[in-house]
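Please open the structure in your viewer and keep the selection panel within reach, since the tour below moves from one selection to the next.

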Amino acid sequence: MSLHTFQVYPDVPQSISFIETLLKNMWWCWNLDAIELFRRVSPQLWEQAGRNPIIFATLLPQATLEELSKEKSLLAHQERVKQRFDKQINAPSEYSQKAFGEDGIIAYLSMEFGIHESLPLYSGGLGILAGDHLKAASDMGLPLVGVSLLHRRGYFHQYLNQDGWQQEEYPETDLFHLGIIRAKDPKGNKITITLNGPEGDFHAILWEIRIGRIPLYLLDTNIPENPPHLREITSRLYAGEQKIRLYQEILLGIGGMRALEALGHKVVVVHMNEGHCTFAGLERLSQTIAKYKVDIKTASEIVAKTTVFTTHTPVPAGHDDFPADMVRPFMYQFQDKLGLTIEQILAWGQHQGANPHSAFHMFLLGIRLAQYVNGVSKLHGLVARKMWSNVWTQVPEDEVPITYVTNGIHIPSWISIENSLLFERYIGPDWALHTDDPDIIKRIDFIYDEELWRAHELSRSRLIRHCRKQMVKQYGRRNAPRSMMKDAESVLDQDILTIAFARRFATYKRANLLLHDPERFEAILSNKDYPVQFIFAGKAHPKDHEGKELIQRIIQFAKRASARHRIIFIEDYEINIARHLVQGADIWLNNPRRPFEACGTSGMKAAVNGVLNLSILDGWWCEGYTPDRGWRIGGGEEYSDHAYQDSVEAQALYNVLENEVIPCFYDRKHGNAPTRWIYMMKESMKMAMRDFSSLKMIQEYEKRFYGPAAESLITLVKDDAKEAKELNRQHERLKTLWRHIKIETPAKNLDGPFRVGNIFYVTVKVHLGEIKPNEVSVQLYYGTMKTVDSLSASNWEEMTVTEDLGSGNYIYGCSLRCSIAGRYGFTVRAVPKGDEWIKNTPGLITWV
């Protein structure tokens, strides 16, 4: 049957027409007063609509809309929201556009974006972080746009069968329930992008949705112009089939950059969020060559210096790689554009000296096309430097050019209504836009203990009600008997210590650590004087059977008599469930194997709501932990024997629960609120607001990466890219001549031993050949001894030429002061001087 479809929307009266404007911008989802504007009409209908205002509006009878248009209190509420919307969205941004030039933008590419549960384009932490990045950019007024794919089936929905085994389903999202419109070019034409693959051309249309001030563009291949199997490219997020995954990453990177060009955007900086989008670098090289009329080597200087690459994965297996022969057909289109052979292009994604048919690594492509590379926490930066040190084989591990910017959370998106009202009263109505102000943060101490505790108890009660509702829904899906359904209605207790464990069920996250000693865990659960309850939630990857077994073990344990009503598992973990948990739990439990947690932003969301963290010292908690903010499990140890590690850290977890956490929660003198606990809640809230907000994070990106990259572009491309061409000439000169550098054994003028405060002088003969002394930095490299042939940390002093011996030979020297007692070593090295991109080129370093 051939059907022509059409959509009918409500006829919204003029007096409440602003609501239609609100429907089309996701700004509403992080403004509680805007959410309340929808919810107040009918709380039941709002929940029935899945908190999606577009569905909600279609469910309202026309007569109800007419009545609402005359309701004075609602009109006043609408005006209040409208004024805030105009101030935050329509008013000129206070942020200076100067650094990015007129109409210059930052392009932020990510495979997923977690904005709200009604926009299912995310799977977990990476997407939530990307969504918070856009929201913070909007609050800040940063000239940024987002680029991703329109995953019509999103990530899977989870449900468990009778045996507790995870099942997956992929319902298709109705596009008419999303606030998206077709994106148009400057002439008003709808945009279609064409790409080339092994089966010929394929096409994608472009959608747009507004995230506050920020446009998010979404590529979509589900169109008649494509054959059925290629329409599936944008069907499921993280498709299991490798070929489809490659198509997705080609579309995101190459298609994303072509889409921005078609839109007429002037891209100044590109930020690639994880390796999925690093093909963007290839298309950007092509665009740079065409725009500035430069060769590939000059274009490489420009692109690298204006590209940011963020990695979120602390394990090598988590990074995407593809067979070279699978990637090859997609690269033919770049041969003429870049003036390179296929082998030269593929080499960007392969290890140095590897076989031409070896795997193509998306991470390697990213670091070879980006000057600014970062992990997402201090510890993760260290882990990433160690993991990829083989790319810079002669560079000390702590100098590998991968830095870090610790992730942050968009606080207004995650704060509870109760805490938000407290912040408005004690901090000010615009507190969310000024979380970097120390004076504002201090005001959290002024909140009365009783008020804060009452606010938290309301959040916990709401969490318990939500859990009961979800459990009834879960049992109903399994056709459980009426007695079991009735039992689910009273699960959990809203007055006792509530501990949440909610995250992806990967084996390294160890969701089963509490089950390591079942008898001891049962004793904790069955303590009538100090009762405790646990809420679990999270998804295992569809192909991760070990992860699914973790879920099943928890379900089976929860069936024990001692655990009934004290342990539950909430299915289909998503943003709405996460919001209830981070607002209403008392403890946020995190026990991964260190150092495999890159960051862990869910703990930050809990912390800003006064939920205390109990965690392994991994990811962000290494930076956030102090004894007055929460608890640690262990002391930051790392083990090679996982079974031993699980045994040790399970005991540490039980100990801290029994001896510290539980007694602290139930320390209620004279029946009052737990004073020590509330003090820790306030310290936790201040810490999260001050150190782990997305506003702070994006300001750091702007200061360290975006701003300098934008300034570099202006310098590099002016006067027919004169500066870029000169840098390229210098780069090529050093790569050609560097192999001739030789450094002889250094000598010191005194033999020692030395005392603190002594100074000795070191000289060394260096052969530079045709390289000039002003092109190279000769450094005395020293530090405390770690092993017989390595140092524990990098320290260096610049050496200067003391004598020119002729024929490219020089004597260098410098003095070294003995500042701290210990066993030291030193040597000498030479590295390029000046430009960071040149300095960090693999191979441009010579040691004695």
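Is Asn479 buried or exposed? Select Asn479 in this predicted model, and colour the residue by its accessibility: with a relative accessible area of 67%, Asn479 is exposed, the cut-off for that class being over 50%. The residue sits in the loop between α19 (449-477) and α20 (482-488), and, although Asn479 is not a glycine, its phi is positive, at about 55 degrees.

**The whole chain**

Now zoom out and show the protein chain as a cartoon, in which 29 helices and 30 strands can be traced. Taken along the principal axes, the C-alpha atoms fill a box of roughly 90 × 65 × 50 Å. For 848 residues, a compact globule would be expected to have a radius of gyration near 29 Å, and the protein chain, at 29 Å, agrees with that expectation.

If you switch to a surface, about 35,800 Å² of the protein chain is exposed, and carbon and sulfur atoms supply 50% of that area. Of the 848 residues, 57% count as buried. Select the charged side chains next: there are 98 positive and 103 negative ones, and the centres of these two sets lie 1 Å apart. Among contacts between residues at least 6 apart in sequence, 72% join residues that are at least 24 apart.

**The largest nonpolar core**

In soluble globular proteins, nonpolar side chains tend to be buried together. To see the largest nonpolar core here, which has 181 residues, begin with those that make the most contacts inside it, namely Leu22, Leu142, Phe279, Met331, Trp348 and Tyr706. Then add helix α28 (residues 694-737), which gives the most to this core, with 16 residues.

Centre the view on Tyr706 and display its surroundings: leaving out residues up to four places away in sequence, Tyr706 touches Phe100, Ile106, Tyr108, His133, Leu142, Leu144, Val269, His271, Val308 and Tyr701. Leu142, one of these partners, is also among the residues with the most contacts inside the core.

Stay on helix α28 and select Asp720, which is found in this helix. Here phi is near 60 degrees, a positive value in a residue other than glycine, and Asp720 counts as exposed at 62% relative accessibility.

**The second core**

A second, separate core of 103 residues includes Phe501, Ile575, Leu653 and Phe665. Select Leu653, which is found in helix α26 (residues 642-665) and is buried, with a relative accessible area of 0%. Which residues surround Leu653, once its neighbours within four places in sequence are left aside? Its contacts are with Leu513, Leu514, Leu589, Asn591, Leu614 and Ile633.

For a sense of span, draw a distance from the C-alpha atom of Leu653 to that of Asp336: the two residues are 317 residues apart along the chain, and these atoms are separated by 59 Å.

**Two buried loop residues**

Move to Thr311, in the loop between β10 (307-310) and β11 (321-322). Although placed in a loop, Thr311 is buried, with a relative accessible area of 1%. Apart from its neighbours within four places in sequence, Thr311 is in contact with Glu274, His319, Phe363, Asn374, Gly375, Val376 and His380.

Next select Ile223, in the loop between β8 (214-220) and α8 (228-231), which at 6% relative accessibility likewise counts as buried. When residues up to four places away in sequence are not counted, Ile223 touches His203, Ala204, Ile205 and Arg231. The C-alpha atoms of Ile223 and Ala204 are separated by 7.4 Å, with their positions 19 residues apart along the chain.

**Two cis peptide bonds**

Finish with the backbone at two prolines. The peptide bond from Arg594 to Pro595 is cis, with omega near 10 degrees, and Pro595 lies in the loop between β18 (587-590) and α24 (602-608). Another cis peptide bond joins Gly752 and Pro753, where omega is about 5 degrees; Pro753 lies in the loop between β22 (747-748) and β23 (759-767).

Definitions and conventions: Residues numbered from 1 in each chain as written. Predicted model: local features only at pLDDT ≥ 70, side-chain atom pairs only at ≥ 80, totals over all residues. Heavy atoms only, no water. Helix = DSSP H or I, 4+ residues; strand = E, 2+ residues; numbered from the N terminus. Rg over C-alpha atoms; globule rule 2.2 N^0.38 Å. Buried < 20%, exposed > 50% of the residue type's maximum accessible area, 1.4 Å probe, protein only. Contact = heavy atoms within 4.5 Å. Areas by Shrake-Rupley, 256 points an atom, 1.4 Å probe, with all protein chains shown as cover. Lys, Arg positive; Asp, Glu negative; His and termini not counted. Charge placed at Lys NZ, Arg CZ, Asp CG, Glu CD. Core = buried A, V, L, I, M, F, W, Y, C linked by side-chain atoms within 4.5 Å.
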